[in-house]
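Colleague: Hi! Could you walk me through this model, one small question at a time?

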Amino acid sequence: MVSFDTKSYSKKLLHLISWSHWFTFFNILAAIALSSYYLFSDPAPTTLFGQVYLITTWVSHIAFLTFMSFVLVLFPLTLVFPNTKFIRTIGSIIFTLGLLLLVLDAFIYSRLGYHLNASSSTQIISLLQDIAKENSLFYSLSGALAIVILAFEFTVSNYAWKHLKKLQKTIFARFVIFALVLSFFFSHVSHIWADANLNYDILRQDTVLPLSYPATAKTLLTKYGLFNIEDYIERKNSPLSFSQAIPNYPTITAELCPSEAANKTPTNSVFLILTEQQVSISQLNQFSRRASVSSLLLTNNIDTGISDDAWFNLLYSLPSIYQQDILKQGIKPLLFQRIDQQALATSLTVISAEFTVNSVTGDGADENIDITEPRWFEALFSKKTELSNVSSLLFAEKLNNKTPGLHIIYFKNSHGIKANKAEQNNNQYQFELFVDALLLAQKQKSAKDIIWISSIGNQSNETRLNTKPALFIYPQGTAVSHKDVSFNTSNMDLQPTLMSQWLGCKVSKHSNGTDLPRLNKDRVIANTTDKGIIIFNKDKSVFVDQNGNFQSYSRKFSSPITVNEDFPLMIDGVHFIKQFTQQEKQ
């Protein structure tokens, strides 16, 4: 018998190519088996047609990806360097890496809702690191899986090589290949029909398998419950809303506020200094230098709300989409529930020049001034004061003798004043004057107060994609430190921060916020509007409307940018928005 090494180049090449076909065939079966994990990551289709489509698109798509790996990688190597040992070894390594990548992608999809991609590498790496910290066997199990798959590859490679002639005589592979090809065409024709007829049971499966993202965000928004499935066809111009009822807002329990903190009433106060005007980083830096305790300068703080939405985000620590349903429940924010339990004071002081104008009668009055109704959040406070200026608030004795509790000083624009008196609309001087007085008064006080300084709300849609820096001043032991926080933060972080730092409770589980002093990594933050979703990551902010149109804004260059549709970022934003509903199910 003539040895393989003495065969002609063409015979050796044909032998290797024939082996590689069978080797790829066995890998197709292995890839289909491993990728079954994708099927359990999403709810099953509700119709028989959808279930048949799921099976056919699953087996055909995974088979196609595996075969393309052979065509694009292993086949060219075989033609260029047809060395038996090299091709069999490199083939085993290539398919081992491919199957490991498939398993990793399926795992990432089950946890994050999207596949491996460069734009979300930070979130993916962070997820794997968190899992490794929680489970010390993570790396050992991953290594063991890699060894098992590599052993499988070498076994299959050796079997296909030694039994090549026998395999070439079999016919079972023809039926398998025919079934895969038939499934490929059936699934594609079915998808064309479903796309034309907006069959949601088919279209919602577009994101299940890798390398098959949809063309727009419409299906994704419906898939994650931000549209009613029954109104799928009609919802083109519908506002965002949950397709299912949201959970009840929680009440304070012993689990949220441990018994050791139950009888510990704070002796200091919290001052929230809020203004409708944008606050600059230079202003906050000046305030930070005057603080007598530690401070966090939140350079990438986010506030996308307009009018009452911004107050809901701040006080309830939830995205705006929950506002209507939560307010109907009539349950106070957790912060106010705890304040009531400990009999602390609450006050809202509104500073606005329009209060002076409203008191004027006769020729000096403005007939076009709007008399606004009390806003929903005003009922949360035991005391409300309206002032035209801060002159009565600037005394250290008065500031330091306030009853311990939550005190909000709100600098409201005077929208009712005529244009020829527009200079009165700017409360910045009053705002800075009060903050300086408060920080100076703190130096005379032994039990230092917690102070939050920021703008609140947006005057127009144009500024919603911008960040709004904020300053958080809080007593922390004896050391005084001033730190710039470049991680994404939000006004929704305020409630869990105050509950932890001031009242000894942990409520992050029931909100979309994080205790700011413990924040140690970046994250995606999102909020809703009546027309879509606004999402922020480290580099950019993105507005996605319900029709899948993306408008992006560079946070580095502070200007609009043109980017490809970033569906993983959108899915991260949806997960952030749905944290409250998901956490309530746990």
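**Charged pairs and a nonpolar patch**

Modeller: Happy to! With a relative accessibility of 36%, K384 counts as partly exposed. Keep in mind that this is a predicted model.

Colleague: Which residue forms a salt bridge with K384?

Modeller: Side chains of opposite charge can pair when their charged atoms come close. Here the closest N and O atoms are 2.9 Å apart. The partner of K384 is E378.

Colleague: Is E378 buried or exposed?

Modeller: Buried means under 20% relative accessible area. E378 has a relative accessible area of 16%, so the word for E378 is buried.

Colleague: Which residues are joined into one network by salt bridges that share partners?

Modeller: We have just met the pair of K384 and E378. Shared partners extend the picture to one network, made of E378, K384 and E386.

Colleague: How many residues apart in sequence are the parts that D436 and R290 tie together?

Modeller: D436 and R290 form a salt bridge, with 2.2 Å between the closest N and O atoms. D436 lies in helix 17 and R290 in helix 11, so the parts tied together are apart in sequence by 146 residues.

Colleague: Which helix gives the most to the nonpolar patch?

Modeller: The patch covers about 470 Å² and is made by L48, F49, V52, F186 and W193. Helix 2 (48-80) and helix 7 (172-197) each supply at least two of the residues. With three residues, the one that gives the most is helix 2.

Notes:
Residues numbered from 1 in each chain as written. Predicted model: local features only at pLDDT ≥ 70, side-chain atom pairs only at ≥ 80, totals over all residues. Heavy atoms only, no water. Patch = residues over 30% accessible without salt bridge, like charges linked within 9 Å, V, L, I, M, F, W, Y side chains within 5 Å. Areas by Shrake-Rupley, 256 points an atom, 1.4 Å probe, with all protein chains shown as cover. Salt bridge = Lys/Arg side-chain N within 4 Å of Asp/Glu carboxyl O. Helix = DSSP H or I, 4+ residues; strand = E, 2+ residues; numbered from the N terminus. Buried < 20%, exposed > 50% of the residue type's maximum accessible area, 1.4 Å probe, protein only.
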